[in-house]
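Here is a short set of exercises to work through with the model open beside you. Try each task before reading its solution.

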Amino acid sequence: MKVSDICSNKDFKLLTKDFEDREISKPFCCDLLSIAMGKAPAGSCWVTVMANANTLAVATLTDVSCIVIAEGISFDDALIDKANEEDIIVFSTSLPVYDAAAIVGAGL
């Protein structure tokens, strides 16, 4: 599965600009940033409800392919701008974390 496959799903909204179409190795669910920092696999699709600047820092550190912010939570405009500057792909969805990750996992 690639990041572009998530774009084609109506349940996911791309918040950031155009992107490099990266491969997704697996979904990864975690809301505790310190755990995600140590355990998020490179190339994964990180599904979380944490929508703050530290989320972007962890995404950069772990080299995830993209972030999905679940449960109807979203980044504010400043965070979207920062994600664009850092070339971090961010989606939002109203789906629960598990359901969003299951959709990503089913596409692998």
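Which residue follows H3, and what is the sign of its phi? The residue is Asp63, and its phi is positive, near 60 degrees. Helices here are DSSP runs of H or I with at least four residues, strands are E runs of at least two, and both are numbered from the N terminus.

A word on the ground rules: this is a predicted model, in which local features need pLDDT of at least 70 and side-chain atom pairs count only at pLDDT 80 or more, while totals for chains, interfaces and linings use all residues. Residues are numbered from 1 along each chain as its sequence is written, and side-chain values use heavy atoms, with hydrogens and water left out.

**Exercise 1. Describe the largest nonpolar core and the surroundings of Phe75.**

Step 1. Start with the terms. A nonpolar core is a set of buried Ala, Val, Leu, Ile, Met, Phe, Trp, Tyr and Cys residues joined through side-chain atoms within 4.5 Å. Buried means under 20% relative accessible area, exposed means over 50%, and partly exposed is in between (1.4 Å probe, protein chains only).

Step 2. Find the core. The largest one has 19 residues, and those with the most contacts inside it are Trp46, Leu56, Ile67, Phe75, Ile88 and Val90. Two or more residues each come from helix H2 (33-39), helix H3 (53-62), strand S4 (66-69) and helix H4 (77-85).

Step 3. Look around Phe75. Leaving aside residues up to four places away in sequence, Phe75 touches Leu15, Met50, Ala51, Asn52, Thr55, Leu56, Ile69, Ile80 and Val90; contact means heavy atoms within 4.5 Å.

Step 4. Check for another core. There is a second, separate one of 17 residues, which includes Met1, Ile6, Phe12 and Ala100. As background, nonpolar side chains tend to be buried together in soluble globular proteins.

**Exercise 2. Work out how H3 is packed and how its start is arranged.**

Step 1. List the buried residues of H3: Thr55, Leu56, Val58, Ala59 and Thr62.

Step 2. Look down the helix axis. The buried residues of H3 fall within an arc of 165 degrees, so they line one face of the helix. The arc is taken over the directions from the helix axis to the C-beta atoms.

Step 3. Ask what covers that face. The elements over the buried residues of H3 include H2, strand S3 (45-48), S4, H4 and strand S5 (90-92).

Step 4. Inspect the start of H3. There, a side-chain oxygen of Asn52 comes to within 2.9 Å of the backbone nitrogen of Asn54.

**Exercise 3. Find the salt bridges and say what two of them join.**

Step 1. Apply the criterion: a side-chain nitrogen of Lys or Arg within 4 Å of a carboxyl oxygen of Asp or Glu. A search of the whole structure gives 4 salt bridges.

Step 2. Take Lys2 and Glu23, whose closest N and O atoms are 3.9 Å apart. Lys2 lies in the segment before helix H1 (3-7) and Glu23 in the loop between strand S1 (13-14) and strand S2 (27-29), so this pair ties together parts that are 21 residues apart in sequence.

Step 3. Return to Asp63, which forms a salt bridge with Arg22 (3.2 Å, N to O). Asp63 is in the loop between H3 and S4 and Arg22 in the loop between S1 and S2, so the pair links parts 41 residues apart in sequence. Asp63 is partly exposed at 39% relative accessibility, and Arg22 is partly exposed at 23%.

Step 4. Add Glu86 and Lys82, whose side chains meet in a salt bridge (3.3 Å, N to O).

**Exercise 4. Decide how many disulfides there are, and examine Cys7 and Cys66.**

Step 1. Use the cut-off: a disulfide is a pair of cysteine sulfur atoms within 2.5 Å. The search of the whole structure finds 0.

Step 2. Check Cys7. The cysteine sulfur nearest to that of Cys7 belongs to Cys66, 8.7 Å away. Cys7 is partly exposed, at 32% relative accessibility.

Step 3. Check Cys66. The nearest cysteine sulfur to Cys66 is that of Cys45, 3.6 Å away, and Cys66 is in no disulfide. Cys66 is buried, with a relative accessible area of 1%.

**Exercise 5. Place Glu71 and Asp87, and give their phi values.**

Step 1. Glu71 is in the loop between S4 and H4. Its phi is near 65 degrees, a positive value in a residue other than glycine.

Step 2. Asp87 is in the loop between H4 and S5, and phi of Asp87 is positive, near 55 degrees.

Step 3. Compare with accessibility: Glu71 is partly exposed, with a relative accessible area of 44%, whereas Asp87 is exposed, at 63%.

Definitions and conventions. A polar contact is a pair of N or O atoms within 3.5 Å; within protein, one must be able to donate a hydrogen and the other to accept it, and residues adjacent in sequence count only if both atoms are side-chain atoms.
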